[in-house]
Amino acid sequence: MRITSTSCICPVLVCLCFVQRCYGAAHHGSIKVTRNQTKHIEGETEVHHRPKRGWVWNQFFVLEEHMGPDPQYVGKLHSNSDKGDGSVKYILTGEGAGTIFIIDDTTGDIHSTKSLDREQKTHYVLHAQAIDRRTNKPLEPESEFIIKVQDINDNAPKFTDGPYIVTVPEMSEMGTSVLQVTATDADDPTYGNSARVVYSILQGQPYFSVDPKTGVIRTALHNMDREAREHYSVVIQAKDMAGQVGGLSGSTTVNITLTDVNDNPPRFPQKHYQLYVPESAQVGSAVGKIKANDADTGSNADMKYTIINGDGSGVFSISTDKETREGILSLKKPLNYEKKKSYTLNIEGANTHLDFRFSHLGPFKDVTMLKVIVGDVDEPPLFTMPSYVMEVYENAKIGTPVGTVTAHDPDAANSLVRYFIDHNTEEDRYFTIDASTGTIKTAKIFDREETPWYNITVAASEIDNPGLVSHVPVGVRILDVNDNPPELARDYDVVVCENTKPGQVIQTIAATDKDNSANGARFHFSLDEGLSLNPNFTLRNNEDNTASILTRRRRYSRTTQDIYYLPVLISDGGMPPLSSSSTLTIRVCACERDGRVRTCHAEAFLSSAGLSTGALIAILLCIVILLAIVVLFVTLRRSKKEPLIISEEDVRENVVTYDDEGGGEEDTEAFDITALRNPSAAEELKYRRDVRPEVKPLSRHHPSSSLDSIDVQEFIKQRLAEADLDPSVPPYDSLQTYAYEGHRSEAGSISSLDSATTHSDQDYNYLGDWGPEFKKLAELYGEIEPERTT
């Protein structure tokens, strides 16, 4: 098949050779490009033959943007099998087949029915096939070809990033690069000059230029001054077809701003200035402003003002306002018209940021002269001191002089001055002042311990002009007198252990005095001399404003006495000295061996255990239940006990025993143990223990001398006779036991009954090492307390 194409723009003909080899009618029918060659026979040379071509191709082109009324002719398909009799039918498939491209199935002519745009699609891929119209069988395999859209110059160059905003420093060198602009053209850059762009400047000459090929914008003048012109609007054009006539073009705007550099020195508008300042101006206040002009902007216009010389450099100071770039003139010292009426200042204004490229345009500073005229003002009275401090003793009488303030009129008139106190606060009412002399006096009696310092304000005004008032602060210190006795520094909780040793320090006390150190820093402690010597405790003055409480005996018993009171006398070192008496309460407590307090009383023991109210109630309830059980048990046991007196038929000898337990050796209250010490103490007691007496015995007391003189043998015989002659005795013998120890020996008694009331210097600590058999004895005589469990 041969395909031909005609075009108005001399299309390029490309011939492709296809060789069709058929392997039978039922085979695939594919097209295969081969070379026609003979076999290589040994000894013969290879012979090449030109192959027979089944397809002859011309590449198809179609113009874009075709606006004609008729379809645009693209090309023609032709098969070698076509004899012109109409038996061959041409079929076209692929991209745009039937919609954009149509084919005459008899002649093979291809036409384009629509206007195409190369910028949307550059080519189309189609397939052609020739079949037998009668049998519908392909005469040749299907072949692929391309229809390219031929470009025309239908797109103008565009600046996609415009308009542009750019800056360039003023005073730049000629040819300084400002910006590069780029225009794009949608036409085919590989075909003709449709996409070849050339740049030119339409507006902005002679200040700027543009490179026609690269689009780089550059400055075209020397020393472009921002102060002369700051903004420029430059229009750049881009034209395709290499700038030839008929080419399309596009333009953009470039806004160029010249940035500032420090090329202008500051300048004062005038060389001489004059300023009026009243003498009443306050020190530190601003009294005037001055400004030097600078054509630059931003940091290039920053400047600093200084006073370089003049007779007022010590009286005035100048600073720079960074916002307004003005020089602020302030007063350093007070003005006095009567002493000096004018001052002269030389003020310099200089740039702070210099650009040495433009130093030849300097110097970048300027100087002007300022004359300050001092104005006369009627001034208020002036105190001789800026503040006063006075002193007065506490308890001084009303009207006592405290001190004097003095003020005078600083003006030439020298008017008389009147004094008064501003009663703005309560403290100002505690003092009075003499209006003529300025003497301050007390108006109440002061207490230094209540308020040690007072601050008042005294005012002074001229008699001729009361509206001019000046004020001065006055501080009054209240001096101390010794009017407060010393007292204990706090409430002391003093505890002494039952097993303490004589001379042991149980508490260190300190004192305090409301007076200052001059009238009460040195304290002396002592016991009240009006009382007798305390046998239990003593006091030692430590000479450092403290005192120690010491024990005087070895053992203390809570059961005997649980609280002691110790009066302490404290005196200070003031003039005259004062003293006071305080009473210390000393509690007796049970302590551990290392001195830690274990308990002082039942309440303290329970509280130390950390028990709550609910726990205490539960414990008490348990105790009540246990007591009820014990009472019930004792009652039942007594109800089952046999009677003491046996029936008359039982004449056996009996020993009557009692299970009642005594209170022990320490129980001296429940029973009279005198009979155990000496039988003679119960000589007149005629009653038996085993029968209920009809008359209660009366307690009798005998002198110890008569009791000790009775012999125990005689006593026993007398008791035996009384028992034999007593008609009320039962008909059986009874055994009576007397715990009589005999007369006092020369070595003394070893009994411990009276040891609790005597004092001994013997050390009984060794009893604790004898074992548990002597534990009770060690507790009574030594320092070891019985261990109690909670």
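Is Glu-449 buried, partly exposed or exposed, and what is its relative accessibility? In the predicted model examined here, Glu-449 counts as partly exposed because its relative accessibility is 24%, a value that lies between the 20% and 50% limits. The side chain of Glu-449 meets that of Arg-448 in a salt bridge, with an N to O distance of 3.2 Å. Arg-448, in turn, has a relative accessible area of 15% and is therefore buried. A further arrangement of charged side chains is a single network, in which Arg-226, Glu-227, Glu-230 and Asp-260 are joined through salt bridges that share partners.

In total, the structure contains 19 salt bridges. One of these is formed between the side chains of Glu-95 and Lys-121, at 3.6 Å from N to O. Glu-95 is located in the loop between strand S6 (88-94) and strand S7 (101-103), whereas Lys-121 is located in the loop between strand S8 (109-112) and strand S9 (123-132); the contact therefore ties together parts that are 26 residues apart in sequence. Glu-95 is classed as partly exposed, with a relative accessibility of 34%. Lys-121 is likewise partly exposed, its relative accessible area being 31%.

A salt bridge is also found between the side chains of Lys-340 and Asp-311, where the N to O distance is 3.5 Å. This pair links distant parts of the chain, 29 residues apart: Lys-340 is placed in the loop between strand S22 (326-331) and strand S23 (342-351), and Asp-311 in the loop between strand S20 (303-309) and strand S21 (316-321). For Lys-340, the relative accessibility of 31% corresponds to the partly exposed class. Asp-311 is partly exposed as well, with a relative accessible area of 43%.

Acidic residues were also examined outside these contacts. Glu-338, Asp-376, Asp-378 and Asp-464 form a negative surface patch. Within this group, Asp-378 belongs to the loop between strand S24 (365-375) and strand S25 (382-383). The relative accessible area of Asp-378 is 41%, so this residue is partly exposed; the value also satisfies the requirement of over 30% that applies to patch residues. Another acidic residue, Glu-592, occupies the loop between strand S41 (579-591) and strand S42 (597-599). Glu-592 is partly exposed at 27% relative accessibility. Its C-alpha atom is separated by 9.9 Å from that of Glu-498, although the two residues are 94 residues apart along the chain.

Aromatic contacts were considered next. A pair of aromatic rings is described by the distance of the centres and the angle of the planes. The structure holds 15 aromatic pairs. In the pair of Phe-537 and Tyr-564, the ring centres are 5.5 Å apart and the planes stand at 75 degrees, so the geometry is edge-to-face. The two residues are 27 residues apart and link distant parts of the chain, with Phe-537 in strand S38 (residues 537-541) and Tyr-564 in strand S40 (residues 563-571). Phe-537 and Tyr-564 are both buried. Tyr-564 also forms an edge-to-face aromatic pair with Tyr-556, for which the centre-to-centre distance is 5.8 Å and the angle between the planes is 80 degrees. Tyr-556 is buried, as is Tyr-564. Elsewhere, Tyr-430, Phe-431, Phe-446 and Tyr-454 form one aromatic cluster.

Conventions. Residues numbered from 1 in each chain as written. Predicted model: local features only at pLDDT ≥ 70, side-chain atom pairs only at ≥ 80, totals over all residues. Heavy atoms only, no water. Patch = residues over 30% accessible without salt bridge, like charges linked within 9 Å, V, L, I, M, F, W, Y side chains within 5 Å. Areas by Shrake-Rupley, 256 points an atom, 1.4 Å probe, with all protein chains shown as cover. Salt bridge = Lys/Arg side-chain N within 4 Å of Asp/Glu carboxyl O. Lys, Arg positive; Asp, Glu negative; His and termini not counted. Charge placed at Lys NZ, Arg CZ, Asp CG, Glu CD. Helix = DSSP H or I, 4+ residues; strand = E, 2+ residues; numbered from the N terminus. Buried < 20%, exposed > 50% of the residue type's maximum accessible area, 1.4 Å probe, protein only. Phe/Tyr/Trp six-rings, centres within 6.5 Å; stacked < 30°, edge-to-face > 60°.
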